Amino acid sequence: MPTTSSTTVLLSITFLLNACSTEKPDTKAPSDKSHPPSTAKSKPNPPLNLKPIKNSRQIMHQKLAHAQVILHAMATEDFDAMKSSAKQIVKLTNMAQWLVINHPDYLRYSEGFKRAASALVADAKTADVDGATLHYFQMTMNCVDCHMAVRKLHLSP
Ligand code: HEC
């Protein structure tokens, strides 16, 4: 399973780097008011309408959904969707059900995760794609590291 997680992270990073490298020259061009494509502007990412939380598993699934929205939002520069989903992630980490394991490693990754998600909210407010790319990466690292720590402690995924 660590292989799958690493591959996912690598794919995300590759995607992000590609997105950045193709967008950078464009944003410098004066005639580039049309980038990102107008379809991205006219069709913002729809807000997620998720069910109320009952357990930590549901928190995880909602977090995954919001993380995917953020990735989409970074690619389309939809800062409203980015802000909304990053805020929701911070909210989820503040729920009692989030703290499933009272172990120093778990708490460390939990704090790192929360810090990265809060930074993403700030990036969305300042329309900082580079900052968001870094903090999305940090957030994802904490997803994977925490899951590896949880597995090491012989708990479920
Ligand atoms: C601080 C630790 C921690 C972080 C950070 C974390 N998770 Fe989890 N994750 C867990 C634990 C613990 C479980 C097992 C929960 C359970 O079964 O009740 C879990 C389970 C999951 C599951 C499986 C749920 C199921 O149906 O069994 C998914 C999917 C998931 N996490 C996604 C993510 C994503 C995506 C991120 C990052 C955006 C993330 N997690 C960040 C601790 C963490």
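Which residues in the largest nonpolar core touch the most other members? They are Ile70, Met74, Met82, Ala86, Ala117, Leu120 and Ala132, out of the 20 residues in that core. The model is predicted, and the protein chain in it averages a pLDDT of 76. The secondary structure of this chain comes to six helices and zero strands. A ligand is also present, with 21 residues around it.

**Overall architecture**

- Read from the N terminus, the elements of the protein chain follow the order α-α-α-α-α-α.
- The protein chain has 157 residues, and buried residues account for 19% of them.
- Contacts between residues at least 6 apart in sequence can be sorted by their separation along the chain: 68% of them join residues at least 24 apart.

**Confidence of the prediction**

- A pLDDT of at least 70 is reached by 63% of the residues in the protein chain.
- Among the elements, helix α1, which covers residues 2–28, has the lowest mean pLDDT, at 42. The highest mean, 96, belongs to α4.
- The pLDDT is below 50 over residues 1–42. In the model, this stretch has 22 contacts beyond near neighbours in sequence.

**The largest nonpolar core**

- The residues that touch the most other members include Ile70 and Met74, as well as Ala117 and Leu120. Two or more residues of this core come from each of the elements α3, α4 (79–93), α5 and α6.
- Helix α5 provides the largest share of the core, namely six residues.

**The surroundings of the ligand**

- Of the residues around the ligand, Ser56, Met60, Ser110, Cys143 and Cys146 come nearest. The elements that contribute two or more residues to this shell are α3 (56–76), α5 (104–125) and α6 (129–152).
- Helix α3 gives the most to the shell, with seven residues.
- Sorted by class, the shell consists of 13 nonpolar, six polar and two charged residues.

**Helix α3 and helix α4**

- Ala65 is part of helix α3. Ala65 counts as partly exposed because it has 14 C-beta neighbours inside 10 Å, a number between the limits of 12 or fewer for exposed and 20 or more for buried.
- From C-alpha to C-alpha, Ala65 and Ile89 are 9.7 Å apart in space, with their positions 24 residues apart in sequence.
- Val90 is located in helix α4. With 18 C-beta neighbours inside 10 Å, Val90 is partly exposed.
- Apart from its neighbours within four places in sequence, Val90 makes contact with Lys114, Ala117, Ser118 and Val121.
- A distance of 8.8 Å separates the C-alpha atoms of Val90 and Phe113, which are 23 residues apart along the chain.

**Helix α5 and helix α6**

- Gly112 belongs to helix α5. Gly112 is partly exposed, since 16 other C-beta atoms lie within 10 Å.
- Gly112 and Met141 are 29 residues apart in sequence, and their C-alpha atoms are 9.2 Å apart in space.
- Val150 is situated in helix α6. Val150 has 18 other C-beta atoms within 10 Å and is therefore partly exposed.
- The C-alpha atoms of Val150 and Ile101 are separated by 8.4 Å, although the two residues are 49 residues apart along the chain.

**Loop residues with a positive phi**

- Most residues other than glycine have a negative phi.
- Glu77 is not a glycine, yet it has a positive phi of about 55°. The position of Glu77 is in the loop between α3 and α4.
- Glu77 counts as partly exposed, because the number of C-beta neighbours inside 10 Å is 18.
- Ala127 is likewise not a glycine and has a positive phi of about 50°. The loop between α5 and α6 is where Ala127 is found.
- Is Ala127 buried or exposed? Ala127 is exposed, because 12 other C-beta atoms lie within 10 Å and a residue with 12 or fewer counts as exposed.

Terms used: Residues numbered from 1 in each chain as written. Predicted model: local features only at pLDDT ≥ 70, side-chain atom pairs only at ≥ 80, totals over all residues. Near = placed C-beta within 6 Å. Helix = DSSP H or I, 4+ residues; strand = E, 2+ residues; numbered from the N terminus. Nonpolar A, V, L, I, M, F, W, Y, C, P; charged D, E, K, R; others polar. Core = buried A, V, L, I, M, F, W, Y, C linked by C-beta atoms within 7 Å. Contact = placed C-beta atoms within 7 Å. pLDDT = per-residue confidence, 0-100.
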